Amino acid sequence: MSVKKLLLVGFLLSAMLPMLMMTLLTFFEARTVLREEIVRDMQTRANAAAHQVDDMMFERLQNIVSWSRLEVMDEVVIGDFDKRLSKFLNELKVSYRGVYQSIYVVNNQNVVVASSEPAEIGKPAHAVSLWQQIIFANRTVRLYQLAEQKLPMASDISDVNQQKVGTLWVVFDWRAITKILDNTENQGSAAALMNMDATTPETRMLAETKHWKKIIEAHDISVDSATPPTAEPQIFNWVVSIAQYRSVVMAPVHRMGYMFILLLIVTGVLAAVFAVPLSARITKPLAELTDYASRFMRSSQGAPPAVEGPAEVRALSTAFGKMMDDLSLSKENLTRAAKLAVAGEMAAAMSHEIRTPLGILRSSAQVLAREKGLSVEGQEVVAFINMETERLNKLVSTLVDSARPRQPEFALHDIVPLVEHAVAMLRMQANKKDVNLAMMVENRAETGSIIVECDAEQITQVLLNLLLNAIQVLPTGGQVAVSIIDAQQHVVISVADNGAGVTEAQKEQIFDPFFTQRPGGIGLGLAVSKQIVTAHFGSLTVQKSTLATSGADFRVQLPKRQLLGDA
């Protein structure tokens with residue numbers, strides 16, 4: 001299968017599979033969350049309704065107990081002769097605005113002596129069945145069977161001798177409870193009040209809304225009110241139950257599912273529309289890049305392809321072109337390195353042939369210098385011969401070191417005496433040019449020693465090269481500062497001057513062989529020093545000096561320990 005077809009299939013799969021998985025996961029997660037949220041809302045409404053019912057019944061108990069203790073109730077003894085008690089009961093009924101259907105007082109003969117309904121006075125009280133007795137505020141309150149939305153409640157009236165003289169009756173309008181349940185309803189839900197102490201379904205149900213039986217028979221979602229934690233026992237063991245149609249609960253989830261299915265279809269169509277030209281746009285630069293690579297392998301020539309396509313393909317084309325340029329540059333560097341290696345071998349071979357006549361010249365000059373009859377001019381010529389042969393011998397030694405540098409012989413040395421020794425060796429030469437040569441040590445440990453694993457002879461050679469270069473390039477009255485900076489894992493040796501400094505262009509080639517800024521120099525000192533420091537797994541860099549606005553600061557950084565095993 002071609003790359004174009006693979007990309008087309010990949011685009012479609014990458015667009016559809018994540019969307020399908022996300023749709024399914026979102027649908028099931030949303031369904032669970034929504035169901036839990038609806039159940040939590042139903043639980044909250046049930047608890048609120050149960051609290052309202054408890055408050056309603058508590059207020060009714062409080063009313064009947066407090067009213068039975070009023071002084072006006074003593075009128076029952078004289079049969080409410082002046083109708084003052086009946087008037088009071090009527091005012092109570094009116095003030096509570098339909099909460100009570102009737103309020104009346106009966107004597108011990110069970111005859112109504114005062115009532116909010118004048119027609120009931122003088123008649124025997126209706127016989128009703130006792131439901132339960134409740135002790136409230138040290139008084140016994142009797143609740144009778146609920147019938148026709150009426151809940152009769154009674155509490156005895158006592159005289160000052162705590163003797164029963166009558167009974168206060170209130171008929172609570174049970175529709176107030178039903179109204180509380182109605183207020184909890186919303187779309188597709190119903191509520192009911194149940195007595196958990198009842199033993200039969202008929203006596204368990206106390207009140208219900210219109211659609212309760214229809215919804216509960218459908219076995220849909222229902223919750224009961226939770227009894228709040230309290231230290232006092234509950235007066236009524238009643239719970240409010242709320243039920244709701246499952247179809248109503250899950251309707252938003254179903255609508256969301258249909259939207260996701262539509263989104264999947266639209267996504268598939270759009271992915272197919274955009275995938276074809278997009279895959280072609282990606283594969284075209286890849287094909288051009290492949291053709292360029294084939295031409296380069298055949299002839300190492302050819303124009304690079306145009307950088308086009310997506311950002312990743314453009315980056316690949318750019319990186320591939322850079323890689324080809326680097327390969328060409330590497331080939332040139334390898335050719336140059338091979339030539340330098342041949343030149344180094346030739347320098348090593350020639351040095352052996354040059355040193356022999358140099359030794360003869362030096363010996364001859366020394367013999368001539370011992371002649372007693374040698375003239376002043378002859379002595380001067382002999383001195384020139386000695387000086388030039390010595391210079392040539394040093395040049396040959398430098399060429400040999402540059403061609404075949406010696407591997408360092410590592411040992412533990414205190415770097416401070418090494419630097420002090422190098423400074424002392426060139427102190428006289430610095431004094432001749434009136435150059436101030438100073439040395440200091442920073443961050444030295446309490447022991448006073450800075451132990452470095454190095455080749456003492458090679459590091460001394462590096463320090464002499466750097467110091468000698470600084471002294472030679474400085475004018476009379478210049479300044480050279482040598483600093484040793486002690487760190488935890490390495491040490492830095494700084495050789496700074498206040499001379500002309502090194503330009504940015506010169507920094508790129510200052511460590512190349514045969515590059516020099518000093519007339520008469522051969523340009524091998526810094527190159528050899530760079531090789532030695534690199535062999536010590538350190539670094540040799542140049543930066544701007546802090547002694548002046550223009551000077552140079554050569555810094556040698558050496559590790560304190562050579563981790564040869566890890567290398």
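Across which strands does helix α9 (residues 415–425) lie? In this predicted model, helix α9 lies across β12, β14 (479–486) and β15 (490–497). These three strands belong to an open sheet of 5 strands with mixed pairing. The points below describe the sheet and then the helices that lie across it.

**The sheet**
- The strands follow the order β12-β14-β15-β17-β16.
- β12 (436–442) and β16 (539–544) are the edge strands, each pairing on one side only.
- On average, neighbouring strands of this sheet are turned by 15° against each other, direction ignored.

**Pairing of β16 and β17**
- Strand β17 (residues 552–559) and β16 pair in the antiparallel sense, over 6 bridges.
- L540 has V556 in β17 as its bridge partner.

**Helix α9**
- Helix α9 runs at about 175° to β12, which is an edge strand of the sheet.
- The buried residues in α9 include I415, V416, L418, V419, A422 and V423.
- These residues lie on the same side of α9, because they cover an arc of only 165° around the axis.
- An α-helix has 3.6 residues a turn, so residues three or four places apart point the same way.
- The N-terminal end of α9 is capped by D414, with a side-chain oxygen 3.2 Å from the backbone nitrogen of V416.

**Helix α13**
- Helix α13 (residues 525–535) lies across β16 and β17.
- The direction of α13 is at about 130° to β16, the other edge strand.

Methods. Residues are numbered from 1 along each chain as its sequence is written. This is a predicted model: local features need pLDDT of at least 70, side-chain atom pairs count only at pLDDT 80 or more; totals for chains, interfaces and linings use all residues. Side-chain values use heavy atoms; hydrogens and water are left out. Two strands pair if DSSP finds at least two bridges between them. Helices (H or I, at least four residues) and strands (E, at least two) are DSSP runs, numbered from the N terminus. Axes are lines fitted to C-alpha atoms, for helices over the stretch in contact, and angles run from 0 to 180 degrees between N-to-C directions. Contact means heavy atoms within 4.5 Å. Buried means under 20% relative accessible area, exposed over 50%, partly exposed in between (1.4 Å probe, protein chains only). The arc is that of the directions from the helix axis to the C-beta atoms. A polar contact is a pair of N or O atoms within 3.5 Å; within protein, one must be able to donate a hydrogen and the other to accept it, and residues adjacent in sequence count only if both atoms are side-chain atoms.
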